[in-house]
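Trainee: Please take one part of this chain and go through it closely. I would like the overall setting as well.

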Amino acid sequence: MGEATELSLVVDRILKRYHKGLLDKAVSIFTPFPDKKPLSDLELSKDAIEFIKQYEPKAEKNGLFFHQFNLLDTYSKGAENFILTSSTGSGKSLCFWTWIIDKLSMNPHATAIICFPTQALMWGQADRLSKISTEKTHYNKKKENAFSGNINVNNEKIGWTIWKGVGSGWTKDKAMKEHEGTENFKRARIRLSTLDKAHWSLIPGHVNFTKNLECIVLDEAHQYDGLFGANVHYFLKRIYIAKESSKRRRPNVFLASATLSDATSFASRLISYPENEIQHVTDLVNPQINTIPLKKVNEILESPPKDGLLRINLFIDSLNKNYDLTELIDNINVVGNTLNLLYFSNSKYESRILKKKTNKSFKRSIEIYDGDLPPERRRHIEKLFNELEGSTLLATNALELGVDIENLELCLLNTIPPKRVDLIQRVGRVGRRAGLPGVTILKLSAAPLDRAIVENPENIFSFDTAVSIPLPIDLRLNKLKNMEAIHYEGCYKKYAAKNWPYYQNVFRKYFGEFLNHDEIKNIINRNYEGLIETQGNQWIHKGFRASASERKIPLRILGSNRDVAWIEDVNIFRDGHPEAVYLDDKGYHWRVKYYDGDWKIAEWTHPESSYKLGKYLKSINVVFVEKEDSNITTRGSWDDSMEEYKIFPELPEDTLPPAGGVLEYGIWEYTKKFDGYTEYNLDTKEKVQVSLKEVSDRFKALIDKGVNAPFLFPLSYRTYGWSWEFKGVFDDDKKLKEMATIIGAILNAFFADAVQSKPADIQTYFSLTNAKITVLDTTPAGNGLSEALLKQNNVNKAFKSCMQTLDFYQKPEMKRKFKNYIFELCEGEVMHEPEELNSVIKQLQSYWEG
């Protein structure tokens, strides 16, 4: 046995503290380093070899990992399109950068674009490139975050640049705007971009770059599933049409991804190349996943293997003992003052509250990382945290991708993400150095995925079980939007040189049909009226990520140019509502004073006033705030409702309909109305409900005095969904009707699990009165999840998974835990026995399956 380490001592204290809730076994994941092959054996161009030596200096002496060598060797022998699947930190970037540099060095006009799902990933790669670049461009005094540079290979300069959205109005990025006008940007042949920026701007605004585009890299490709993946699929088709309309060969594509069991078929669906034209290369390293007794954990930590990466996972079952892992954040008696600790928060709000509550005697740096931070603040934290020791980072899922922190040793997961690949990403944040293992503490709830972990903890980390969610590429509206985008982006004039027959043929090749602008608009207005706004031109590019949010809105300090946060527009209802007090990442409180923007005015309905009530949400450009001295914060409340709008005559393609009942698919209308807020006193722990009437009365009084004041207009949009009528299955029973709400909540959790989504991404309504189950996407114009449920037998799988779980809680020794399970699952109170609920689910499943 080796000597005790700080990590083993901390783990020993954790084992003692949580012994009543811990599963009796842990899971170790050991990833041995891949075998290496000499760089001298690789037959690539001198430029490519020279670049490898610059990018990874150790490669000349130590060689390349076998999967790196294999991919580049396969490329040298003629392979053109790739999907590289490997574990975190295994050198994927060396492969795609070498691929790009080699192709660009052979053609002085060729260009390349590398697209990332997050800005953090983009800036991380830019930072790596800047270390081997000359003539770099910076826009701050500290010389942080180079925007561009030149890679020098055998006396040839290949320029690269960051390419991100400039924004507008209050969130305009002046540095990026200035950079786009420089020669360094214009000459750069490589662009590092987010997918969103490329989707909006590449084809219409950068014609020569697109015409010369030979290389497309999509990093973290496993993220491109669901509707987001379908939009990426169509974006690539638009690039292909632009290229081939100008009578040039379509570009090759390189996907870098976490391990997927269906990698080649996934890649084929995403990039529209046949499987036999895509080379799948994997790191060939099978992580050794083993269950180990708890008493062996410290023995392993004290003598870790040196020839790979070791991660230990401990599990706390909240149904045995419901501990709260947040107590560890400032408990120096357990975690000490020297380890680096990462806590994944459920929300931005939770991070801020936790930092506010942190014990002042806890002598470590504590930082927050989430999507509300202004971009410069995020970049600063990313750079800072890699240099700190004895630090704590409170992060949302914004940190799952793109931030490489090598000295992280302890990770806390108070909740488990619904997608296995995301869980693997989080666990992979620790133990990133040989001989220095990492430990993750996972608290397991009542969610279906969590219960599966309890039953078989090692299986959840099996990489070959990470299957992608199907791409809903047959959503007719989504296809029409992208067809219209081709017309709007100017492919006919800018790329096809007004050769109409040729343009039509290329269009048909990728979309299977040709529709002109008027035909597309007529179909949308006839069949999808109100589902999306078609005024102006931006509608064709909106909804790329299937989110209700369209943009960020700054919270700006009144009388200054400083922003305390940038929040998603739809989160104004929660975080920036009238009279809100926002808690920022540094622990300061800010009171919302008024909104500013270019708006239409809604009619003020108070009978005693002629003043206007609300202002359209989409036109709010900035929320002005001022310092609040009271130690309080608020959370907005709202009412929402759904109403059937239009039923389609046919079900989506590949739908597996139920054997019994009537299934209908169509469009529903969703409305969200501000309904007051809750005020939390962080000193006394008291909370006060503030009604809409109270807010309205104060608003009226301020307006009558001529004072500007904020108020919110309802948000309304339409989305996809389906309903299943099951008349005749149940009698008109009062007791059954009382169970309807909790059954709907339970089904929502299992339906979401069936398509690897969060329960908040879909909404399930269960009505015995109407004998219907209704499932809707919760984002404008849909997110594809309700449709995905209708495929691959997912509804039936969800029913059966639910039945299996309820069967488990019918055991005498488990019944006492049932109420806790339901509360953990869906925050619902249950007054019924598991047998009663399961009887309903079984009858539904039987009627569905037939």
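**A helix pair in its setting**

Mentor: The accessible surface of the chain is about 35500 Å², and carbon and sulfur atoms hold 46% of that; such areas come from the Shrake-Rupley method with a 1.4 Å probe, and for residues only the protein chains shown count as cover. This is a predicted model, in which local features need pLDDT of at least 70, side-chain atom pairs count only at pLDDT 80 or more, and totals for chains, interfaces and linings use all residues. Residues are numbered from 1 along each chain as its sequence is written, and side-chain values use heavy atoms, with hydrogens and water left out.

The chain has 31 helices and 30 strands (DSSP runs numbered from the N terminus: helices are H or I with at least four residues, strands E with at least two).

The part to look at is the pair of helix α11 (residues 226-245) and helix α12 (residues 263-271), whose axes come within 7 Å and cross at roughly 55°. Axes are lines fitted to C-alpha atoms, for helices over the stretch in contact, with angles from 0 to 180 degrees between N-to-C directions. The crossing makes α11 oblique to α12 (under 35 degrees is roughly parallel, over 145 roughly antiparallel, 65 to 115 roughly perpendicular, the rest oblique). On the α11 side, Gly 229, Val 232, His 233, Leu 236 and Tyr 240 make the contact; Arg 269, Leu 270 and Ile 271 do so from α12. Contact means heavy atoms within 4.5 Å. By class, five of these residues are nonpolar, two polar and one charged (Ala, Val, Leu, Ile, Met, Phe, Trp, Tyr, Cys and Pro count as nonpolar, Asp, Glu, Lys and Arg as charged, the others, Gly among them, as polar).
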